[in-house]
Amino acid sequence: MRVLITGGSGFLGAWIMKRLLARGMDCVAFDLRANARIVEALAPGRAALVQWRTGDIASADDTARALEGCDAVVHLAGILTPDCAANPVRGAQINLIGTLNVFEAAHAAGMRRVLYASSAGVFGPDDGATPLPQTHYGTFKLACEGSARAYWHDHGIASIGFRPLVVYGAGRETGSSAGPSLACRAAARGERYTIPFSGQTGLVFADDVAAAYEAALLSEFDGAHAFTLAGEMTPVGVLVDKITAIAPGAQIDASGPPLPIATVFPHDPALAHLLPDLPQTPLDDGLRQTVAFYRHGHQAS
């Protein structure tokens, strides 16, 4: 199987490619610029196997060219909450129009399934069941989910969009919720760091998200699905304590308002039915792996 990963220079794309390369799949990474540093850090010795194609996801022609010769697509390309807030029109061009370009290219190529990145940002701060985003980023992601349903209804293209909460792990160094990963990096290097939010949130280890995409790639399914990956709900103060226990003497604290995302989510039996036995890495283990990555001097950006 040859898989296109849009946004391949990013952190989550690298984690997914690490898994797919280990399985012997061919990976084609698409981004504005080829940047293999994260995948090289995560999958040394295999990163050279990735084929890079460059272009703009907001361009239908660039996206169609990127998909040529591929059997499947994992669509991750997008800009995060702060950039969408700073330039909502560009955010819509990349996050929403870019997703439509992927579905259009998949339809033209005769693909029957698309995997894409949604976000728990589709929910507001108070309700993890009914979407009510308070950010442009979450609004665009919610629109992508609606368009995915329309492609199933209109063209029979099945899809799964995953809505992870705060994804943490080696290489997660940008975005408004990168604080847990940056705190691990600072602890490993003996640097001071303040996580820029308080309250509590769900923490999801990057490899668990990658495993969900891998399982979806290998599955046969119909319909248009969107699944929340809530992870382990954790008060930020407890997160700080756990990092300090792993790296005694770490100078980590937290300050700022809670993230504008709900903290209680209903159980969805459909995910376990469609993709059974997905891994759920305990928070202590995931944090330990992240600190160890940076202790070994890896540079992910």
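**Cavity, pockets and one enclosed helix**

I start with the enclosed space: the count comes to 1 cavity of 30 Å³ or more. Please keep in mind that this is a predicted model. The largest cavity holds about 40 Å³ of space. Around it sit His75, Leu76, Ala77, Asn95, Thr99, Tyr116, Ala117 and Lys141. Helix H5, residues 88-109, and strand E5, residues 113-117, each give at least two residues to that lining. Sorted by class, the cavity lining has 4 nonpolar, 3 polar and 1 charged residues.

Now the chain as a whole. Its secondary structure comes to 11 helices and 12 strands. The radius of gyration is 18 Å, close to the 19 Å that the globule rule gives for 301 residues, so the chain is as compact as a globular protein of that length. Along the principal axes, the C-alpha trace spans about 55 × 45 × 40 Å. Of the 301 residues, 51% are buried. If we take the contacts with a separation of 6 or more, 78% of them are between residues 24 or more positions apart. The accessible surface is about 12800 Å², and carbon and sulfur atoms account for 51% of that.

On to the open sites. The largest pocket has a volume of about 1400 Å³. Its lining numbers 50 residues, and Leu76, Gly78, Ile79, Leu80 and Thr174 are the ones nearest the centre. Leu76 also appears in the lining of the largest cavity. Which elements supply at least two residues each to the lining of the largest pocket? They are helix H1 (11-22), strand E2 (26-31), helix H2 (37-42), helix H4 (81-86), helix H6 (136-155) and strand E7 (166-168). By class, this lining has 23 nonpolar, 19 polar and 8 charged residues.

The second largest pocket contains about 690 Å³ of space. It is lined by 32 residues, with Thr228, Leu229, Ala230, Leu271 and Gln280 nearest its centre. Two or more residues each come from strand E9 (200-205), helix H8 (206-217), strand E10 (224-229) and helix H10 (269-274). E10 gives the largest share of this lining, 4 residues. The class counts for the second largest pocket are 21 nonpolar, 6 polar and 5 charged.

Next, helix H7. How many of its 11 residues are buried? The count is 9 of the 11 in this helix, residues 179-189, so H7 is largely enclosed by the rest of the structure. The buried ones are Gly179, Pro180, Ser181, Leu182, Ala183, Cys184, Ala186, Ala187 and Ala188. They pack against E7, strand E8 (192-195), E9, helix H9 (236-246), strand E12 (251-254) and H11. Two of those partners have come up already: E7 contributes to the lining of the largest pocket, and E9 to that of the second largest. Just after H7, Gly190 takes a positive phi of about 70°.

One last backbone item. Most residues other than glycine have a negative phi. Asp277 has a phi near 65°, a positive value in a residue other than glycine. Where is Asp277 found? It is in the loop between H10 and helix H11, residues 283-295. Is Asp277 buried or exposed? The relative accessibility of Asp277 is 77%, and exposed means over 50%, so this residue counts as exposed.

Terms used: Residues numbered from 1 in each chain as written. Predicted model: local features only at pLDDT ≥ 70, side-chain atom pairs only at ≥ 80, totals over all residues. Heavy atoms only, no water. 1 Å grid on protein atoms, 1.4 Å probe; cavity = no way out; pocket = protein on both sides within 12 Å on 5 of 7 lines; lining within 4 Å. Points joined across faces, edges and corners; volume = space filled by probe spheres on them. Nonpolar A, V, L, I, M, F, W, Y, C, P; charged D, E, K, R; others polar. Rg over C-alpha atoms; globule rule 2.2 N^0.38 Å. Buried < 20%, exposed > 50% of the residue type's maximum accessible area, 1.4 Å probe, protein only. Contact = heavy atoms within 4.5 Å. Areas by Shrake-Rupley, 256 points an atom, 1.4 Å probe, with all protein chains shown as cover.
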